[in-house]
Amino acid sequence: MPWERTAIVFTVLLVYSISQVEGLEEKQDDDQCADLKNTTLKEYRQRRANLEVKYLLMTRENVNCPQMFQQKSLTTKTTHFNASRPTKVIIHGYRALGTKPLWVKELAQALLLAQDVNVLVVDWIYCASFAYNLVVESYKEVALQISVLINQLQNYGCKLQSFHLIGVSLGAHVAGFVGTLFEGKLGRITGLDPAGPLFKRADTYDRLDPSDAQFVEAIHTDTDYFGISIPVGHVDFYLNGGKDQAGCARSRFPSVYGYVICDHMRALLVYMSALDGSCPLVGIPCSTYEDFLKGNCVTCDVFQGACPHIGLSENSGINMSPLPTEQKMFLLTTSSAPFCAHHILVKLEVSSLDKRAEVEVTLKTEKLSTQLQLRLQTDTTVYRSVVAHPAALCEMDSIEMRNTGARLYRQGDIHVKSVCVSEVPCVRYRKPLCVNNFNVRRNALWSHDLVQVCDT
Ligand SMILES: *[C@@H]1O[C@H](CO)[C@@H](O)[C@H](O)[C@H]1NC(C)=O
Ligand SMILES: *[C@@H]1O[C@H](CO)[C@@H](O)[C@H](O)[C@H]1NC(C)=O
């Protein structure tokens, strides 16, 4: 329909010249800003056949007003793309309903606040929507198109090393395949809850893996539904074990789409909140979540002491070479932004019991408290557990214990040989805080003040 296209070109020219006349181009009101677009089933059927990926560009010069971007934009004076800066490429994932992802601008803005970069947003919505299996069939073609653009940008002086691809869900595997096409020479790939369905048993050629870039990291938040459970990067951060996230409704038969997606989208929210660097999200290397929760992994010795953290630091703060691969990292988070929590190891030793018992340990600051329930058995006397607390250990005012199992287990006094608390990752010169030799009676609260000073 050439007349339609001509009409559009005319309209655009007209709007453009009017804005020239009135000097409106300075203001860049919303109408002139590019945006991602929802797609419809009808459009989708028509356009799948000739897949064309589109791009939006955001930089510090147009933080609120994305520009359309294509290779020929580079030859125009109006583009804000600057080949001397590093480039971040945001790749969204599967869109069940064909709607545009609403978080894209926010992620791009958070990146721009942190670094002076070009942010390219890949728009492949019309090809990423509706039937998941068909979308999975075409993700490699999307990757191919992105690689064509990166090749062209190389001709303008961009270095492969300076590209950082950030892929959400299925977008992580798109990023992975772009990386494969460049034989792992791209600088960095971040997978935000890389998609699981149809990828768990995929060959590394078909999914994100550590050979796809010089540094590959992934954040896992929904490994039991939409996310992939296996590690796919040099480091893989599993938040709260990677399955269920604090503050996301848990239901076996979720009726609302939002509930289903809450765990999956948490990776993105945590990543965005980590970008300003105000709140450290530090991972602890461990082989399983159970071991991590039991306090069996408390150091970052495998990384020569420096624990990797989520964010933009080079190699997530790892300064060893060669880099590890598929290293599982665990961390606990709070249920809302900025999500970071301190990990506190509680170690309890009791005199042996003749009946089972249950105790509740509470760590308190003036305003915040964290509780831990422990089931005590007759054949064990030492218990270890890592809990999340919004405050650092040095800010803790008191520790409390209750003998809560009285009704269930009829255990009277519990003799505590020691209860110790320490922050994880452990710092060698800092000894755990311990209280020794006391009884926790039935129906009576035991409490002890903690007095200490935070390092400044
Ligand atoms: C491009 O970026 C470089 C490095 O940040 C800067 O020195 C240069 O002035 C920029 N060029 C333009 C045209 O903005
Ligand atoms: C796109 O989809 C979103 C979510 O359903 C909706 O709120 C928005 O109005 C739609 N935008 C357009 C331009 O249709």
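**Close-up views of a predicted model**

**View 1. Strand E15 and the open sheet to which it belongs**. Strand E15, residues 398-403, is joined to E18 by four bridges, and the two strands run antiparallel. Within this pair, Met-401 has Trp-446 of E18 standing opposite to it. The model shown here and in the views that follow is a predicted one. The sheet around this pair is open and has four strands, which follow one another in the order E13-E12-E15-E18 with antiparallel pairing. At its edges stand strand E13 (369-376) and strand E18 (446-449), each of which pairs on one side only. When direction is ignored, neighbouring strands of this sheet are turned by 15° against each other on average.

**View 2. A further open sheet, with strands E11 and E16 paired within it**. The four strands of this sheet are arranged in the order E14-E11-E16-E17, and their pairing is antiparallel. Strand E14 (382-389) and strand E17 (433-440) are the edge strands, and because each has a single partner strand, one side of each is left without a neighbour in the sheet. Neighbouring strands here are turned by 20° against each other on average, again with direction ignored. E11 and strand E16, residues 414-424, pair in the antiparallel sense over eight bridges, and His-343 is found opposite Val-424 in E16.

**View 3. The loop between E6 and E7, with Arg-207 and Asp-209**. The unreviewed UniProt entry places the feature "binding site" at Arg-207, Asp-209 and Asp-212. Arg-207 lies in the loop that runs between strand E6 (188-192) and strand E7 (215-220), and Asp-209 is found in that loop as well. Arg-207 is buried, because 24 other C-beta atoms lie within 10 Å, and Asp-209 is likewise buried, with 27 other C-beta atoms within 10 Å. If residues up to four places away in sequence are not counted, Arg-207 touches His-173, Gly-176, Phe-199, Ala-202 and Val-232, while Asp-209 touches Gly-176, Thr-204 and Val-232. Gly-176 and Val-232 thus appear among the contacts of both residues.

**View 4. Two residues with a positive phi, Asp-193 and Ser-316**. Most residues other than glycine have a negative phi. Asp-193, although it is not a glycine, has a positive phi of about 40°; this residue belongs to the loop between E6 and E7, and with 30 other C-beta atoms within 10 Å it counts as buried. Ser-316, also not a glycine, has a positive phi of about 55°. Ser-316 is placed in the loop between H8 and E10, where it is buried, with 25 other C-beta atoms within 10 Å.

**View 5. Two cis peptide bonds, and the contacts of Ser-273**. Most peptide bonds are trans. In the loop between helix H8 (289-293) and strand E10 (327-331) lies Pro-322, which is joined to Ser-321 by a cis peptide bond with omega of about 0°. A cis peptide bond also joins Ala-337 and Pro-338, with omega of about 5°, and Pro-338 is found in the loop between E10 and strand E11 (342-350). Ser-273, which is part of helix H7 (residues 257-274), is separated from Ala-337 by 64 residues in sequence, yet the two are 6.6 Å apart in space, C-alpha to C-alpha. Leaving aside neighbours within four places in sequence, Ser-273 is in contact with Cys-279, Ala-337, Pro-338 and Phe-339. Ser-273 is buried because 20 other C-beta atoms lie within 10 Å, and a residue counts as buried at 20 or more.

**View 6. The surroundings of ligand 1**. The residues around ligand 1 are Asn-82, Ser-84, Arg-85 and Asp-116. By character, this shell is made up of two polar and two charged residues, with no nonpolar residue.

**View 7. The protein as the setting of the close-ups**. The secondary structure comes to nine helices and 18 strands. The protein has 456 residues, of which 40% count as buried. Among contacts between residues at least 6 apart in sequence, 70% join residues at least 24 apart.

Note on methods:
Residues are numbered from 1 along each chain as its sequence is written. Chains are lettered from A and ligands numbered from 1 in the order in which they are written. This is a predicted model: local features need pLDDT of at least 70, side-chain atom pairs count only at pLDDT 80 or more; totals for chains, interfaces and linings use all residues. A residue is near a molecule or strand if its C-beta atom, placed from the backbone, lies within 6 Å of it. Ala, Val, Leu, Ile, Met, Phe, Trp, Tyr, Cys and Pro count as nonpolar, Asp, Glu, Lys and Arg as charged, and the others, Gly among them, as polar. Two strands pair if DSSP finds at least two bridges between them. Axes are lines fitted to C-alpha atoms, for helices over the stretch in contact, and angles run from 0 to 180 degrees between N-to-C directions. A residue is buried if 20 or more other C-beta atoms lie within 10 Å of its own, exposed if 12 or fewer, and partly exposed in between; C-beta atoms are placed from the backbone. Two residues are in contact if their C-beta atoms, placed from the backbone, lie within 7 Å. UniProt positions are given in the numbering used here, feature names are shortened, and annotations may be inferred rather than shown by experiment.
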